[in-house]
Amino acid sequence: MAGTGRSGLAGVRGRNTMSGEGSRIAPADEAGVSAAVVAAHAEGVPLAVEGRGTKAAMLRPVQAARTLSLRAVSGITFYKPEEMVISARAGTPLEEIEAALAERRQRIVAEPPDLGALLGATGGGKGSIGGVVACNLSGPRRVAGFATRDLVLGLRFVNGEGEVLRSGGRVHKNVTGLDLCKLLSGSHGTLAVITEVTLKVGPAPERTATLVLPVADEAAGVVALSAGLTSPFGVTGAAMLPEGVSANGVMGPVALLRLEDVEASVRYRMERLRAALPGGRVLEGDESRALWRAVRDAAPLAVAQGEAVWRLSVRPSRASAAVAALRSIGARVMLDWGGGLVWVAGAATSAVHEAVMETARRAGGTFTLFRAPDPMRVSVPVIPDEVPALAALSARVKAALDPGGRLNPGRMRAGG
Amino acid sequence: MIALPPPKPEVLARREEIVAGLRALVPGEGVIAETLRLRPYETDGLSAYRQPPLAVVLPTSTEQVAAVLRFLHENDVRVVPRGAGTSLSGGALPLADAVVVGLMRMNRILDVSFPDRLAVVEAGVTNLGITKAVEGEGFFYAPDPSSQLACMIGGNVMMNSGGAHCLKYGVTANNLLGVKFVTIEGEVIEVGGGHLDAAGYDWLGLITGSEGQLGLVTEVTVRILRAAEGQRAMLAAFRSTEVAGAAVDAIMASGVIPVALEFMDKPCIHACEAFAHAGYPLDAEAMLIIEVEGSGEEQDALLGRIREICERFDPISMRVAASAEESMAIWKGRKGAFGAVGRISPDYLCMDGTIPTSELPYVLRRIGEMSAACGLGVANVFHAGDGNLHPLIMFDANDPESFAKAEAFGADILKLCVEVGGCLTGEHGVGVEKRDLMGVQFTRPELQQQRRVKEAFDPEWLLNPAKVFPLEGALAPPAH
């Protein structure tokens, strides 16, 4: 869940207009969450909603006198490996879920990142499953298919009036009624408080291998990634480390293409991929896995204290032009999703922010300010503004779920 | 019978004026108001229900759709969106005082980009039309509803359509990048585009599967995927549904996820075999069709593993296709299942619940008992990997009693699906058909919450009324 964790701004300059000093409630169960929301609604008190507080540095700081933590609403409630379904209370640490899945050789297909280091969070681990869903965070495997929001089969949540409600369920195909699961995924706790998540999970692959292919520059890199992704070989990761950026001893500029599947398939497909894209070398097993963990967590960006971080989602074919534009203002970049995801680190100034916004627009995509000093977070749009007709719908949908406007006010937009 | 709301007399009285207004916005052949020419629009894939609309309008551009919706909104006229009219849940069933806005004339493919792995198409392009436009380069659009030859992408988005291959590739919602969306006020809003992730609320996710309750989709950006090197199917027949269900669980738990995993029960096997002569085993109680992808050697390896798993369940017979032609022969019966049942019964209702796959044997046994109790036959075909059940209830539409029994039987099956942890609809949508069952799956506050979200888009309840939500409270703002 998005929120205002006490520790969330460690390592980020400019602390703080945040509410860490205010009162803090950590109910033990869903009924307690409901009671806390009912009280806040009745008293007219805004609530900062958080899971384990690891993503507090994202987007805008919430102005709220009271923090509602889901930390104690924790634990796996249902797991059926043969049906590929797991349910857990929102505050359950991601590590706990991943460990339970690993025991049965399964995993969360969307590969949610661990952004603790990037966001300067300490003590929260990889965050909570509720937080991952509320932020709709997905890793490198997103390019091959599913985002976190695609894997949410069901949610239990408390709306802004304190009602305990459900959407979706525990089955894989369900089109019954409006899909509030998707609406709440990525809404950063501004519409409702997620209390339990049911996810579709998938088998862990028998084998993984990565083709590391030296490339001249971003343009050539994106072409190579595209060649991999448009091959019939089921590439599940397509990232690029530019010149001067390295991860686990792999030095840019390189394109990275990952295969994951049953033993024989990975062997065969890697051979074919190497024939189509000659000149690279192959990393296997643990080496491959460690490299993709680094890519997933944007670790190769090596962000310095005081720097701002943006994440751009763009049309892959426009990625290299976007990179050139970002370079010209002194920013550092890293590419994932075949060029469709551009991580950017740069000076935390409004001039750089303006340039990033313009670059995202020209690249036919969106941006999210992932990390910046507080004075910047409150003074710039941290996600793109909506056109007036959509902004009006946003306000009406917000009012439909949280009529008093109590939940995470100002988290995504000023005054919203 | 499902009740439809009374028409608004003031709208019926102004029919000519409304038709003239529409003709001013969509010139030429774009407005249909003659009784005989309205006939094709009086029903959809749920043909037991028929109601000619006030008029039909067939715009050719997003601008025309916007102008039409603005005009209808200003005149307090109800709107029923329509693609190809293949909905099996009555999603496109008209009302007497409603104007059907049909998108079939918007059928252009606007852009295809292989490097960006996307296609931008108008809402009236058929599902298969997208694949046809990109298959020359080895690409395809993944969701494949049985009606894919006819059904249109705009309708697929509205209903979040599935298909036999969504076990691997997901449903419509998982294969979209953006839509152009027109609100009831006539505002045109672009959501998403050529990029993967939205910042801000997931409008694309909310609109997908909204069954025309929130607005109309006129343009869609879909992901296109490079096809695997090949695919091949096998067939495995078992002596009981329990054993076949256990085999499904074992396959899913093995870590090898097939591209498709279909289940047919004995009545369905017999109906399909009589129709398609696919060589199905008539002595089996249940049969699985399993398809895998990859190169020839990969197919061999995967089918070998699945074969080994099936062997543990003492199959009556197994048949692994040796070629693409043999695969097609295996699929032939399954693909013709609905038509096959149509041959042995004057009419059938196709149900669409989803259940947890482990409940399959129990649910099939209960369906068998219900079938015996009400005296109507049922054939079951089932996307086994994801638990999406399609019981085909056989009845005679000329016999009102038979129809009433069939509807009650269908409702009982869907209630059973919810009872065992599933849902009312996996891919066909609620439409008018399952509207009154929504209270079985959702609590009153849950339905009220969905209604409030609907009202954020359509405060006057003009968009596709009498669908999705139980009629009480579905046509007027609920009391908060």
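1. In this predicted model, strand β4 of chain A, residues 76-80, is paired with β5(A) in the antiparallel sense, and four bridges hold the register between them. Within this pairing, A:Ile76 lies opposite A:Ala88 of β5(A). The hairpin formed by β4(A) and β5(A) has four residues between its strands, and there A:Met84 adopts a positive phi near 55°.

2. Strand β5(A) also pairs with β9(A), residues 192-200; the two run antiparallel and are joined by five bridges. One position can be followed across this pairing: A:Ser87 has A:Thr198 of β9(A) as its bridge partner. Strand β5(A) therefore has β4(A) as a partner in one pairing and β9(A) in another.

3. As to solvent exposure, β5(A) spans residues 85-89 and is mostly covered, with four of its five residues buried. In a regular strand, side chains alternate between the two faces of the sheet.

4. The next topic is the contact between the two chains. Chain A contributes 77 residues to the contact and chain B contributes 93 residues. An interface is often described by the accessible area lost when the parts come together. Here the area buried between chain B and chain A is about 6,600 Å², and carbon and sulfur atoms give 56% of it.

5. Charged and polar pairs also occur across this interface. There are 13 salt bridges between chain B and chain A. A salt bridge links the side chains of A:Glu163 and B:Arg452, with an N to O distance of 3.6 Å. Polar contact is found for 35 residue pairs between chain B and chain A, both residues being at pLDDT 80 or more. On the side of chain B that touches chain A, several elements supply at least two residues each, among them β5 (109-113), α9 (241-253), α11 (296-311) and α17 (444-457) of chain B. The largest share of that side, nine residues, comes from α17(B). By class, the side of chain B that touches chain A comprises 40 nonpolar, 31 polar and 22 charged residues.

6. A final point concerns B:Gln213, which is placed in the loop between α8 and β10 (216-223) of chain B. Is B:Gln213 buried or exposed? B:Gln213 counts as buried because its relative accessibility is 1%, the cut-off for buried being under 20%. Its side chain makes a polar contact of 3.0 Å with the side chain of B:Lys454. With neighbours within four places in sequence left aside, the residues in contact with B:Gln213 include B:Asp458, B:Trp461, B:Leu463 and B:Phe469.

Terms used: Residues numbered from 1 in each chain as written. Chains lettered and ligands numbered in written order. Predicted model: local features only at pLDDT ≥ 70, side-chain atom pairs only at ≥ 80, totals over all residues. Heavy atoms only, no water. Buried < 20%, exposed > 50% of the residue type's maximum accessible area, 1.4 Å probe, protein only. Contact = heavy atoms within 4.5 Å. Buried area = accessible area lost by both parts, 1.4 Å probe. Salt bridge = Lys/Arg side-chain N within 4 Å of Asp/Glu carboxyl O. Polar contact = N/O pair within 3.5 Å; in protein donor to acceptor, adjacent residues only side chain to side chain. Nonpolar A, V, L, I, M, F, W, Y, C, P; charged D, E, K, R; others polar.
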